[in-house]
Amino acid sequence: MSTTTLTAKDFATDQDVRWCPGCGDYSILKQVHTTLAATGLAREDIVFISGIGCSSRFPYYTETFGMHSIHGRATAIASGLKAARPELSVWIVTGDGDSLSIGGNHTIHLLRRNFDVNILLFNNQIYGLTKGQYSPTSEEKKITKSTPYGSLDHPFNPISLALGAEATFVARSMDRDPAHLQAMLMAAYKHKGASFLEIYQNCNIFNDGTFEIFTEKSSKRQETLFMTQGQPLRFGENGEKGIRLDGMVPQIVTIGEQYSADDLMIHDEMNINKAWILAQMFDNPYKENHLPRPFGVFYRGERACYEDIMKAQLDELTTKKGKGDLDKLLAGNEVWEIQN
Amino acid sequence: MSTTKTIIPLEQVVIKFAGDSGDGMQLTGTQFTNTTALFGNDLGTFPDFPAEIRAPQGTVAGVSGFQLHFGSTEIYTPGDMCDVLVAMNAAALKVNLKQLKRGGIIIANTSGFDVKNLRLAGVAKNPLEDDSLEGFELYQLDVTKLTREAIADLDLGTKEKDRGKNMFVLGFLYWMFDRDMDNTIKFLTDKFSKNASVLEANLRVLKAGYAYGETTETFSSRYKVEKAKMPAGKYRSMMGNHAMALGIVAAAHQSGLPVFLGTYPITPASDILHELAKYKNFNIRTYQAEDEIAGICSAIGASFGGHLGVTTTSGPGMALKTEAMGLATMLEIPLVIINVQRAGPSTGMPTKTEQADLLQAYYGRNGECPIPIIAAQSPSDCFHAAFEACKIAVQHMTPVIVLSDGYIANGAEPWRFPTSSQLGNIEVKFASPIENGDKFMPYQRDEKLTRPWAIPGTKGLEHRIGGIEKQNITGNISYDPQNHELMVHLREDKVEKIADYIPEQKIDSGKDTGKVLILGWGGTYGALKAATKDCISEGMEVSHAHVRYIRPFPKNFESLLKRFDKILVPEINNGQLIRILRDRFLIPAIPYNKIQGVPFMKGELVEKIKSVYNS
């Protein structure tokens, strides 16, 4: 693969971007283009595959190879492409309905197989393109067009789902924090294996403000916990609070009172058990005594990628048996000849 | 003790091997088939599996059968009625007796007719002991006892010893039809190379069966079926699903393309996956996806990347793949979709055959969504159908549906296999890089109306495609009314244009004009051919044509139909091709339908042809 010195602008297409004004997708598009430029990859070596939904218009706005496929199947299509062409940089753009509802099956199986692709899950907790029905990540009792008296469903926690499917890279970011989103996109890109990046994205038409407690300046520092590898888990206006483990149970402590920074849980992306604890920090932020919502890399592990094992097996058998001889195969082992 | 045995020459014979699903009847049938093929007879087979993997032992539901028709003349079907019925137990006799000719031979394993087996089969009286089998030639062998005796000294458990029962029967039939045992001896030697005592047991039982026929006075006659006169060349025995897999391998080889098979197991198509999974050194990747949808979608992804994407399935899986077939039609990329049809709807009867899904293949998608359809007509023809489908897919940038069915998928026949040089190359063109900064036009078409195959990794070809309607030439999203109509017509014209590149429709038997044309498609080929030939030999002005290219039809198709007074369309369904014929050509064709999960018998076809001819 060749390396280039492209800028973010080189990844914009000549098509008008047609998301609603104010949609969180604009920011994500910008951060992705900036990240792509930073990778040094040539445009022709990158493929974006999407499903159906607002987010899935993404490929049309990105000057690489792209496919806007069908609802829920981007992950399945990307799996085949990556298996066939391991050298390509494959990105999947999907939403909470696309990848967790209609396409849930393919999502978990892609993660299990650990294809080296990047899944960008734009989570806005609503169906936007179909004009406002609740999604599998919507909070309980959600009032929407399809649930005028409140939804009955318990929502998915996407991070837990990804960890449960044994994803080897699981992270969360948000549309309103460009620097963090870029860092997470780069980390997802650099990870060898399936990267699952959940991006909180505001739908200002059908679900406006659903994440504002995490994204607005007035509450962000109190409500979010940005995780840094090897560092104690701190949050608050000036990092005065932290997360301490009481056995397996995370609790909020104030530094300088009973505990110092040395008592806090240290973030270790490679520790699956800690990742599970962090994933469970999924409280309703409007309830009393809730824990802050973590952002950053929950987990990063190593496992062989499907496409590499597939290629290795093919190469090994080709070396062992030699390149296939079609005439020998067509004749088989039991031939008889008829002469007239 | 040795006796003089009469040898009776026969032109053709139909044998049915029937027993419990644990009795090894499929293996016995396959071995007899291979030996018979190697000897030089023409043949056709029809395995008849029980629906359950391990149905209750001894019951009617657990009966597994294998029918073989072989002869010194041309054989087109596995045969209507049997000459010889091997019944390993009471249930096997009960299920198959109605298919035995009057005067036919029954070889019954007496230990399969004990009190317990009679009860399990739901038979009140032992048919071997009353006069219910009068009019048949009944031979009673205590196969279980004879098998145990042959290997009494071997250190094996009773259960293991009893597994050899089928070899005793096979050996006996080899004697009865004067076949040599070398092929089966070699097969057993390979199969049990790591288990000396089991090998020894099988070989001894096989030979004991042969010797039993030779030395027992009960059997006074043997039968001889001479070699068939077939076109000169090299032959092998071939089953439909195996042939389908080889057709794909051959297409990969002759096109230089890697193959990606994305699929999900389903009866009766899974054997194509099992076969292809063996051929990795032919640059073939097989991917057992999480479901039918992922099977086709992964193949679409691979095709987008420049591989030949293939997916295999049966009716219910086809239903699940429908939306993705529409996507492939919009993307205009190569994709081969193989449907080994079974009785439907829904789960239907998975182990039973039916020409169930032609209308689904032809019409069954949302929107105007034309996909070429090729129907395989016999076990070995699956090879050619798959090869041609791959060729059309890559040269016309389109998904292609191949229809097979459970009957030809599991049936076998002698195949005069081609060499790679006879197959010819499949030329594939990928779009070239653009270095000068010009914008690539993904929906710019050539003289075949196909768009370029532009694969990722090629400089200057970055483009976006998808399921949304696209602007002609640029491929950008377009909701323009005129453009949509244009694109619908372009996609249809592209598929219709394939007619310029496929052979014209031929008459298979009979003259190219006449009173009745018997028109079929798919797996009914052998039965229709046999029936038509019989009618022709009786002086009737009838002809048989078999449609292989159903979408588009060959260019001369309509004019050919119009040269006959009447068109009879026999199908193993409730009338599907006939609806398409009426739709396309407004012709008053006459249906003849059988929807019983089993193939046509020659006899019933002849009767129908006569009644149409004479009416």
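On helix H4 of chain B, B:Lys145 and B:Glu149 are exposed. They lie on the other side of the helix from its buried residues, which are B:Val143, B:Thr144, B:Leu146, B:Thr147 and B:Ala150. These buried residues cover an arc of only 165° around the axis, so they sit on the same side of H4(B). What covers them includes two strands, S6 (100-109) and S7 (137-141), and three helices, H5 (158-162), H6 (165-176) and H8 (196-215), of chain B. The model described here is predicted.

Helix H10 of chain A can be read in a similar way. H10(A) runs over residues 306-321, and a check on its length is possible. At 1.5 Å a residue, its 16 residues should span 22 Å, and its end C-alpha atoms are 22 Å apart, which agrees. Which residues of H10(A) are buried? They are A:Tyr306, A:Glu307 and A:Met310. Seen down the helix axis, the buried residues fall within an arc of 100°, so they line one face of H10(A). On the other side of this helix, the exposed residues are A:Ile309, A:Ala312, A:Asp315, A:Glu316, A:Thr319 and A:Lys320.

The cover over the buried residues of H10(A) comes from both chains: it includes helix H2 (74-84) and helix H4 (104-113) of chain A, together with strand S11 (284-288) of chain B. After H10(A) comes A:Gly322, with a positive phi near 85°.

H10(A) also belongs to the contact between the chains. This contact takes 51 residues from chain A and 57 residues from chain B. On the side of chain A that touches chain B, at least two residues each come from strand S2 (65-68), H2, H4, H10, helix H11 (326-331) and strand S14 (336-338). H2(A) gives the most to this side, with eight residues. By residue type, the side of chain A that touches chain B divides into 23 nonpolar, 17 polar and 11 charged residues.

Strand pairing also links the two chains. S2(A) pairs with strand S17 (residues 464-466) of chain B in the parallel sense, over three bridges. Opposite A:His68 stands B:Gly466 in S17(B).

Next comes the nonpolar interior. The largest nonpolar core has 249 residues, and those that touch the most other members are A:Val170, B:Ile248, B:Ile300, B:Ala386, B:Cys390 and B:Val402. Helix H14 (residues 381-396) of chain B gives the most to this core, with 10 residues. What does A:Val170 touch, leaving aside its neighbours within four places in sequence? A:Val170 is in contact with A:Ile159, A:Ala162, A:Leu163, A:Phe196, A:Ala275, A:Phe298 and A:Tyr299. There is also a second, separate core of eight residues, among them A:Trp19, A:Cys23, A:Ile126 and A:Tyr134.

Helix H14 of chain B also holds B:Glu388. Is B:Glu388 buried or exposed? B:Glu388 counts as buried because 22 C-beta neighbours lie inside 10 Å, and the cut-off for a buried residue is 20 or more. B:Glu388 is 140 residues from B:Ile248 in sequence, while their C-alpha atoms are 9.3 Å apart in space.

Just beyond this helix, B:Met397 lies in the loop between H14 and strand S15 (399-405) of chain B. B:Met397 has a positive phi of about 50° although it is not a glycine. B:Met397 is buried, with 24 other C-beta atoms within 10 Å. Another residue other than glycine with a positive phi is B:Ile473, where the value is near 75°. B:Ile473 is in the loop between S17 and helix H17 (481-496) of chain B. With 12 C-beta neighbours inside 10 Å, B:Ile473 counts as exposed, since a residue with 12 or fewer is placed in that class.

Finally, chain B has cis peptide bonds at two prolines. One joins B:Thr267 and B:Pro268, with omega about 0°. B:Pro268 is in the loop between strand S10 (259-263) and helix H10 (270-276) of chain B. The other cis bond runs from B:Arg551 to B:Pro552, with omega near -10°. B:Pro552 lies in the loop between strand S20 (549-551) and helix H19 (557-561) of chain B.

Conventions:
Residues are numbered from 1 along each chain as its sequence is written. Chains are lettered from A and ligands numbered from 1 in the order in which they are written. This is a predicted model: local features need pLDDT of at least 70, side-chain atom pairs count only at pLDDT 80 or more; totals for chains, interfaces and linings use all residues. Helices (H or I, at least four residues) and strands (E, at least two) are DSSP runs, numbered from the N terminus. The expected span of a helix is 1.5 Å times one less than its number of residues. The arc is that of the directions from the helix axis to the C-beta atoms. Two residues are in contact if their C-beta atoms, placed from the backbone, lie within 7 Å. A nonpolar core is a set of buried Ala, Val, Leu, Ile, Met, Phe, Trp, Tyr and Cys residues joined through C-beta atoms within 7 Å. Ala, Val, Leu, Ile, Met, Phe, Trp, Tyr, Cys and Pro count as nonpolar, Asp, Glu, Lys and Arg as charged, and the others, Gly among them, as polar. Two strands pair if DSSP finds at least two bridges between them.
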